[in-house]
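Please look through the sequence and the model shown below before reading on. The report that follows describes the domains, the core and the surroundings of the ligand.

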Amino acid sequence: MHFGGVKAVDGLSIDLTEGSIFGVLGPNGSGKSTLLAALTRFVDLTAGSLHLDGEEYHRIPAATFARRGVARTFQTVRLLPGLTVEENVRLGADRIRGRGIRERGKGDDDVAEAIGRTGLRGLERHRPGELSYGAQRRVEIARAIVAKPRLLLLDEPTAGMNQSERQEISALLRELREEGLTQVLVEHDVQMMVDTCDHLFAMNFGKLIADGVPASVVREPAVREAYLGKRWSEHV
Ligand SMILES: Nc1ncnc2c1ncn2[C@@H]1O[C@H](COP(=O)(O)OP(=O)(O)OP(=O)(O)O)[C@@H](O)[C@H]1O
């Protein structure tokens with residue numbers, strides 16, 4: 001992924017296997033969000049290819065690609081303020097199945113299940129503005145999982161949260177993994193990444209500088225130099 005002269009993601013090759021949580025770690029501007037955007041077809045690749053179940057998908061339009069079972073959450077909260085929690089979550093199912101939000105009834109079980117799995121029961125009728133920031137982020141996760149994706153990409157889901165809210169999200173992601181949901185998680189909180197992920201990819205200047213078991217990756221000198229040197233003491 002190049003933007004003019006900026007090599008946002010460059011010569012990167014990764015494999016995601018089913019049922020694991022993959023973390024992407026790297027300093028600001030190292031290409032993490034661009035990688036997620038590419039994986040979900042939000043941007044076109046400059047070169048290279050993407051495969052899902054061995055099938056190429058880098059030319060499939062983003063709108064139809066969502067139906068292949070890939071969902072994402074964004075760096076900033078993107079809920080519709082005028083809708084209730086339940087209606088916001090239902091949007092995730094409607095987007096995939098092409099239904100209108102007012103068509104009630106269908107998919108209600110899925111909506112209730114996603115709300116339950118993300119710990120939002122009792123808040124269905126609230127609007128996002130009435131919820132804590134942590135709860136708003138959980139609504140986003142509920143909206144992303146309501147259509148039962150196979151792959152969930154999360155861009156800094158705990159940004160702006162306190163320690164206990166982060167632990168809550170980490171536990172939720174691990175629960176979803178136990179149910180078989182493969183995830184790619186971008187986060188700056190190193191300890192959370194080590195605690196949550198099965199595998200880490202470390203990036204710098206758009207390139208992969210290390211990958212493997214989280215505890216080993218964060219000990220690699222190149223990773224510490226690129227990222228942890230400055231932040232390690234803040235996070236661990
Ligand atoms: N649409 C764009 N046009 C031009 N340059 C871009 C665009 N999107 C990203 N970039 C550049 O690509 C590089 C990687 O950006 P990206 O947002 O992917 O990094 P990041 O690792 O997600 O950073 P952060 O941790 O701050 O979110 C940066 O130099 C950024 O300025």
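## Domains

Domain bounds here come from an automatic or database domain assignment, and for this protein that assignment gives domain 1 (1-69 + 150-236) and domain 2 (76-149). Residues are numbered from 1 along each chain as its sequence is written. The model is predicted, and local features need pLDDT of at least 70, side-chain atom pairs count only at pLDDT 80 or more, and totals for chains, interfaces and linings use all residues.

The C-alpha centres of domain 1 and domain 2 lie 24 Å apart. Where the domains are in contact (C-beta atoms, placed from the backbone, within 7 Å), 14 residues come from domain 1 and ten residues from domain 2. On the side of domain 1 that touches domain 2, α6 (163-178) and β7 (151-155) each supply at least two residues, helices (H or I, at least four residues) and strands (E, at least two) being DSSP runs numbered from the N terminus. The most, five residues, is given to that side by α6.

## Core

The largest nonpolar core, a set of buried Ala, Val, Leu, Ile, Met, Phe, Trp, Tyr and Cys residues joined through C-beta atoms within 7 Å, has 53 residues, of which Val 89, Ala 142, Ile 145, Leu 185 and Ala 202 touch the most other members. Buried means that 20 or more other C-beta atoms lie within 10 Å of the residue's own, with C-beta atoms placed from the backbone. This core lies between domain 1 and domain 2, because both give residues to it.

## Ligand

Among the residues that surround the ligand are Phe 3, Asn 28, Lys 32 and Thr 34. Helix α1 (residues 32-39) provides the largest share of this shell, three residues.

Notes:
A residue is near a molecule or strand if its C-beta atom, placed from the backbone, lies within 6 Å of it. A residue is buried if 20 or more other C-beta atoms lie within 10 Å of its own, exposed if 12 or fewer, and partly exposed in between; C-beta atoms are placed from the backbone. Two residues are in contact if their C-beta atoms, placed from the backbone, lie within 7 Å.
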